[in-house]
Amino acid sequence: MSRTLQSTLSPQSISSRLSQLTHQVQITPKLRNTMDHSLRSHYLADNPPTVVKLEITPHFAALSAKQKRYAHHLSKACFHGTRVTLAQVSPESPVIYELILALHHACGGNYKKLSDSTSVGSDDITLWLEYAAQFLGNCGNYKGFGDSKFIPRISPEALKQLCAVNEECKKLHDTATQAGGGIYETKDVALMHLGYPEGGHMTAYYPDSPTITKEEITIVGDVLEEKKLLIENTRLRKLASGDFDLLIASGIQNPPASERDLGDLSTIDLPGKLSGKKLHLVFGDYLNEMGKIALEIKKAKKEAANETEEKMMDEYARSFGTGSIQGFVESQRYWIKDKKPMVETDIGFVETYRDPHGVRGEWEGFVAMVNQERTRAFGKLVDAAPSMIPKLPWDKDFEKDKFLSPDFTSLEVLSFAGSGIPAGINIPNYDFIRQNEGFKNVSLGNVLSAKAPKEPIPFIRAQDDELYRKYRDGAFEVQVGIHELLGHGCGKLLQETSPGEYNFDIKNPPASPVTGKAVTSWYKPGQTWSSVFGSIASSYEECRAECVAMALSCDFEILKIFGFGNGKEDMSNEAGDVLYVAYLQMARAGVAALEYWDPKSRKWGQAHMQARFSILRTFMNAGGSFCEIKAPNGDLNSPDDLEIFLDRSKILSHGRPAVEDYLQKLHIYKATADFEAGKKLYDDITGVDTWWAEKARPIVLKKKTPRKVFVQANTVLDEQTGEVKLVEYEPTIEGMVQSYVERGV
């Protein structure tokens with residue numbers, strides 16, 4: 001018999017987890033007030049957060065009534081997963097979310113009324129709303145980009161007084177602020193960052209399991225890999241007995257054996273150091289939420305445009321209802337076949353960045369409309385791809401036999417549920433689909449174009465500022481396009497696809513361009529890129545894709561596709577301006593990346609930023625004074641600021657060759673499953689030495705600017721007429737909260 005699991009989002013389970021943390025850390029108001037100021041300020045909520053609006057009205061208005069209903073139901077499905085994402089972030093995040101909603105309901109959205117009834121000043125209420133807006137924008141109290149905790153600027157005393165408005169708010173406040181893990185906890189610096197439990201870090205992917213180790217996670221993962229069970233939709237819990245529960249997200253607790261990926265298997269004996277222990281398959285994680293999601297997916301199916309979309313919806317519903325990850329895999333196969341839809345969507349446990357082990361996915365989902373004009377430009381890039389990929393620094397033995405031409409579209413986002421909104425996406429993440437069947441690329445146009453008020457741009461010299469502002473959007477679009485299409489879309493994994501069967505000539509293995517010798521490693525049956533490279537896989541692959549973008553953005557034919565220049569190599573024209581800004585932008589991102597490096601654990605908290613730091617280091621190692629970091633006061637031992645000096649005339653002679661040398665190693669080590677060499681390369685170049693840690697990083701923290709949080713529209717369906725109304729909100733902290741309240745999730 002399979003064991004069952006009640007919804008993990010109950011107040012009792014939240015309270016239990018918070019209580020378990022109490023013995024680890026204790027904090028008092030006096031202690032909190034005497035904490036190191038620089039440490040506290042680093043973790044305080046943005047004041048104010050940068051709130052911007054995702055403009056969507058004309059694109060949504062262009063849809064037919066049927067398409068609007070399809071988009072509506074899919075948007076509901078995406079956002080019904082909000083509490084799933086919250087539960088994946090931290091044990092206190094779900095209850096903080098409830099508190100934000102409850103305080104809004106207590107005053108009907110009139111926060112002046114709340115101020116009058118509680119005698120809490122308007123400034124304090126603004127501080128609460130600033131925290132609430134950042135919390136909602138990150139779907140939790142840890143940054144979606146950076147994985148570090150942020151705490152309210154409103155004092156604990158003022159928040160307590162505010163929450164005395166009614167009994168519901170008071171109870172939620174008491175749970176959310178428990179000592180040892182609540183909303184204000186900052187004493188234990190390790191808990192301020194997501195990571196492995198054995199390092200003292202926060203993670204909800206291994207709930208109620210403070211003693212679980214990396215080794216145990218790996219052993220369980222290896223057993224499931226042997227059984228060919230993918231685990232993106234799972235969490236892992238260690239029991240007091242030493243056994244383990246594999247918590248599987250599903251809308252029903254006891255799906256029939258015919259609907260389970262492993263049939264009637266409910267318990268697995270564990271090997272090696274875990275010999276004698278058992279792994280129990282437990283269905284019903286996020287029970288209520290997954291059931292609601294599956295229901296909305298079934299409603300969306302009725303509005304689908306074609307048979308492919310109908311089958312995609314069937315597989316989504318199967319996956320979210322019964323917990324079948326194979327259902328999700330099949331949905332992705334239909335998704336890549338659904339070419340050029342008017343309404344584009346993908347939804348599920350997709351990216352594995354925030355699981356410290358790099359194998360379990362975070363819930364996200366998006367619904368968007370196609371921007372036809374920009375999509376035509378991306379179509380030209382797709383057409384050019386087969387002629388561009390051979391320019392990369394490896395031969396055909398390490399490249400797909402045929403480039404699988406993807407659907408590359410520019411989208412305008414209606415809804416994006418999750419811990420943050422990217423600028424571009426390349427999915428599915430399953431290499432066995434990407435390598436053999438295809439993939440899709442999307443650029444999110446209204447995310448790229450969403451503007452915050454003009455503010456200083458740290459680390460860019462005054463003489464570069466005007467040019468940088470003029471071309472940064474264009475340069476970033478070029479980077480995103482190449483990164484997603486050619487970066488993630490290129491490359492072959494050398495594999496033993498099944499026992500004794502290979503996708504390369506095993507009798508005459510290809511020679512590695514790095515060593516000049518025949519390769520000696522490859523992927524064994526059942527192994528995947530993520531399972532072999534584990535926790536570094538996400539960042540390593542982002543770095544490889546970014547390097548492809550830096551290398552191929554030097555190709556003036558590609559720049560012409562995006563509307564810059566005439567295709568002739570000329571650093572003095574507009575194409576040269578865009579290329580220069582693209583390299584400056586990457587260098588600036590590499591400096592700013594230090595915000596996401598934790599000096600205590602000496603680990604990176606954000607995959608893309610770790611990658612960008614390594615590329616900055618590559619620029620600086622290129623020689624010829626190509627890229628240097630200088631201090632305006634001339635003293636790098638005691639810098640007052642940092643400025644990037646990048647020699648525009650040496651991008652092609654020094655910058656590109658240095659990037660290509662680095663890229664070649666990244667690619668070959670990935671292609672040949674050479675984890676040892678790949679990890680050493682990546683650890684070395686992303687290592688943060690004393691100068692970066694003690695001289696540069698404090699300046700980066702002082703200069704950091706708030707990341708944008710996006711106010712998204714809501715859709716309302718009239719059940720009688722079948723018409724869907726679009727509701728938009730002001731780009732304010734109040735508008736952000738109102739959008740979630742009215743979304744009703």
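Which residues does His-201 touch, not counting residues up to four places away in sequence? In this predicted model, the residues in contact with His-201 are Ala-190, Leu-191, His-193, Leu-194, Gly-195, Tyr-196, Asp-598 and Ser-601. His-201 itself is located in the loop between α11 and α12. Its relative accessible area is 13%, and because the cut-off for a buried residue is under 20%, His-201 counts as buried. One of its neighbours, Ala-190, also takes part in a polar contact: the backbone oxygen of Ala-190 lies 2.8 Å from a polar atom of the His-201 side chain.

The loop between α11 (167–176) and α12 (214–226) also holds Asp-208. The phi angle of Asp-208 is near 55°, which is a positive value in a residue other than glycine. With a relative accessibility of 32%, Asp-208 counts as partly exposed. A positive phi is likewise found at Ala-673, where the angle is near 60° and the residue is again other than glycine. Ala-673 belongs to the loop between α25 (651–671) and α26 (675–686). Its relative accessible area is 13%, and Ala-673 is therefore buried.

Helix α8 was examined next. The helix spans residues 111–118, and its buried residues are Tyr-111, Leu-114, Ser-115 and Thr-118. Viewed down the helix axis, these buried residues fall within an arc of 100°, so they line one face of α8. An α-helix has 3.6 residues a turn, so residues three or four places apart point the same way. On the other side of α8, the residues Lys-112, Asp-116 and Ser-117 are exposed. The buried residues of the helix are covered by elements that include α7 (93–107), α9 (122–138), α10 (156–162) and α28 (733–743).

Both ends of α8 show further local features. At the start of the helix, a side-chain oxygen of Asn-110 comes to within 3.2 Å of the backbone nitrogen of Lys-112. Lys-112 is also among the exposed residues of α8. At the other end, α8 is followed by Ser-119, which has a positive phi near 65°.

The packing of α8 against one of its covering helices can be described in more detail. Two packed helices are described by the angle between their axes and the distance between the axes. For α7 and α8, the angle is about 85° and the axes are 8 Å apart. Helix α7 is therefore roughly perpendicular to α8. From α7, the residues Leu-103, His-104 and Cys-107 make the contact, and from α8 the residues Tyr-111, Lys-113 and Leu-114 do so. By class, this contact comprises four nonpolar, one polar and one charged residues. Tyr-111 and Leu-114 are also among the buried residues of α8.

Helix α6 (residues 82–89) is largely enclosed by the rest of the structure, because seven of its eight residues are buried. These buried residues are Thr-82, Val-84, Thr-85, Leu-86, Ala-87, Gln-88 and Val-89.

Cis peptide bonds precede two proline residues. In one case, the bond from Asn-47 to Pro-48 is cis, with omega near -5°. Pro-48 is placed in the loop between α3 (37–43) and β1 (50–53). In the other case, a cis peptide bond joins Ile-427 and Pro-428, with omega about 5°. Pro-428 is placed in the loop between β9 (424–427) and α17.

Helix α17 comprises residues 431–434 and contains Arg-434. The relative accessibility of Arg-434 is 6%, so this residue counts as buried. Leaving aside residues up to four places away in sequence, Arg-434 touches Lys-400, Leu-404, Asn-426, Ile-427, Pro-428, Asn-429, Phe-439, His-488 and Gly-489. Its contacts thus include Ile-427 and Pro-428, the two residues joined by the cis bond.

A contrasting surface position is that of Lys-402, which lies in the loop between α16 (372–388) and β8 (407–417). At 64% relative accessibility, Lys-402 counts as exposed. Lys-402 and Glu-167 are separated by 235 residues in sequence and, from C-alpha to C-alpha, by 64 Å in space.

Definitions and conventions
Residues numbered from 1 in each chain as written. Predicted model: local features only at pLDDT ≥ 70, side-chain atom pairs only at ≥ 80, totals over all residues. Heavy atoms only, no water. Buried < 20%, exposed > 50% of the residue type's maximum accessible area, 1.4 Å probe, protein only. Helix = DSSP H or I, 4+ residues; strand = E, 2+ residues; numbered from the N terminus. Arc of directions from axis to C-beta. Contact = heavy atoms within 4.5 Å. Polar contact = N/O pair within 3.5 Å; in protein donor to acceptor, adjacent residues only side chain to side chain. Axes fitted to C-alpha atoms, helices over the stretch in contact; angles between N-to-C directions. Parallel < 35°, antiparallel > 145°, perpendicular 65-115°, else oblique. Nonpolar A, V, L, I, M, F, W, Y, C, P; charged D, E, K, R; others polar.
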